[in-house]
Amino acid sequence: MRIYDSQSAPNPRRVRIFLAEKGIKVPYEEVDIVKAVNRSPDFRKKNPLGTLPVLELDDGTCISESVAICRYFEEIHPEPPLMGTDARDRALVEMWQRRMEFEIFIPIAQVFRNAHAFFKDRIPQVPEWGEVCRKQSEHQLQWLDEVLADREFIAGARYTIADITALCGVDFGRVSGIRIQPQQENLARWHAAVSSRPSAKA
Ligand SMILES: N[C@@H](CCC(=O)N[C@@H](CS)C(=O)NCC(=O)O)C(=O)O
């Protein structure tokens with residue numbers, strides 16, 4: 001088993017943090033995104049979309065999509081639970097995980113993809129769309145600050161995959177100049193707490 005990884009990219013970081021929280025060790029193989037090795041024909045045999053991370057099982061099965069990889073490890077290594085504990089809780093964690101992905105992580109990633117020089121000549125960029133996503137990201141960070149007014153973590157009292165997705169999204173915003181604002185005290189408190197967990201360095 002191995003995970004095709006990129007130390008600089010936010011989606012692979014989600015999986016590394018998830019595994020660190022569970023204390024699971026899997027060999028990582030760094031794939032050079034700068035040289036676009038992930039988009040080569042050979043790599044596309046593992047993931048036709050050419051994106052990272054990818055989990056390759058011993059039988060050769062390749063699983064991409066960060067949440068799918070996390071789901072696999074949650075099933076075989078349930079403790080500590082990061083995706084909910086019973087039907088109600090699992091549904092709530094999934095709700096928050098999807099909200100963090102669609103409302104926080106993806107808009108922030110779209111700013112980078114559409115406005116940053118890294119993706120010039122790699123993908124069709126629409127800088128104006130990047131700016132729309134920047135406004136949306138800033139708006140949604142304000143919303144997240146309000147969400148966190150009455151709870152320690154994003155899905156409630158327990159640290160979950162929703163916190164991991166949000167942390168990786170918020171941190172990735174820095175490369176595009178998207179930051180937690182001084183008045184967003186709930187968000188800052190949450191960010192300090194999740195960043196201080198040893199897993200955040202994974
Ligand atoms: N939905 C996928 C997104 C994967 C993705 O976009 N990965 C990025 C790194 S954060 C990537 O491989 N980018 C390189 C590229 O597009 O060339 C997931 O959840 O894993």
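Here is a short walk through the model, one selection at a time.

Before you click, know that this is a predicted model, where local features need pLDDT of at least 70, side-chain atom pairs count only at pLDDT 80 or more, and totals for chains, interfaces and linings use all residues. Residues are numbered from 1 along each chain as its sequence is written, and side-chain values use heavy atoms, with hydrogens and water left out.

**The whole chain**

Start with everything shown as a cartoon. You should find 7 helices and 4 strands; these are DSSP runs numbered from the N terminus (helices are H or I with at least four residues, strands are E with at least two). From the N terminus on, the order is β-α-β-α-β-β-α-α-α-α-α. The C-alpha trace spans about 45 × 45 × 25 Å along its principal axes. Of the 202 residues, 47% count as buried, where buried means under 20% relative accessible area, exposed means over 50%, and partly exposed lies in between (1.4 Å probe, protein chains only).

**Helix H6**

Now select residues 161-172, which make up helix H6. The 12 residues reach 17 Å from first C-alpha to last, close to the 16 Å expected at 1.5 Å a residue; the expected span is 1.5 Å times one less than the number of residues. How many of the residues of H6 are buried? The count is 12 of 12, and among them are Asp163, Leu167 and Phe172. To see what covers the buried residues of H6, show helices H1 (10-22), H3 (66-76), H4 (87-115), H5 and H7, which are included in that cover.

**Ala200**

Keep Leu167 on screen and add Ala200. Ala200 sits in the segment after helix H7 (185-195) and counts as buried, because its relative accessibility is 12%. Leaving aside neighbours within four places in sequence, Ala200 is in contact (heavy atoms within 4.5 Å) with Arg13, Ile17, Leu167, Val194 and Ser195.

**Salt bridges**

Next, go for the charges. A search of the whole structure finds 14 salt bridges, each a side-chain nitrogen of Lys or Arg within 4 Å of a carboxyl oxygen of Asp or Glu.

Pick Glu74 and Lys22, whose side chains meet in a salt bridge at 2.8 Å, N to O. This pair links distant parts of the chain: Glu74 is in helix H3 and Lys22 in helix H1, 52 residues apart. Are these partners buried or exposed? Glu74 counts as buried at 7% relative accessibility, and Lys22 counts as buried at 5%.

Stay on helix H3 and select Arg71 and Glu75, where the closest N and O atoms of the salt bridge are 3.4 Å apart. Arg71 and Glu75 are separated by about one helical turn because they are 4 residues apart in helix H3. Arg71 is partly exposed at 29%, while Glu75 counts as exposed at 55%.

Then jump to Arg151 and Asp150, which form a salt bridge at 3.3 Å, N to O. Elsewhere, Arg2, Glu29, Lys46 and Glu56 are joined into one network by salt bridges that share partners.

**Two last stops**

Select Ala115 in helix H4, which is partly exposed with a relative accessible area of 43%. Draw a distance to Ser176: 8.4 Å, C-alpha to C-alpha, although Ala115 and Ser176 are 61 residues apart in sequence.

Finish on Val132, which lies in helix H5 (residues 127-147) and is partly exposed at 44%.
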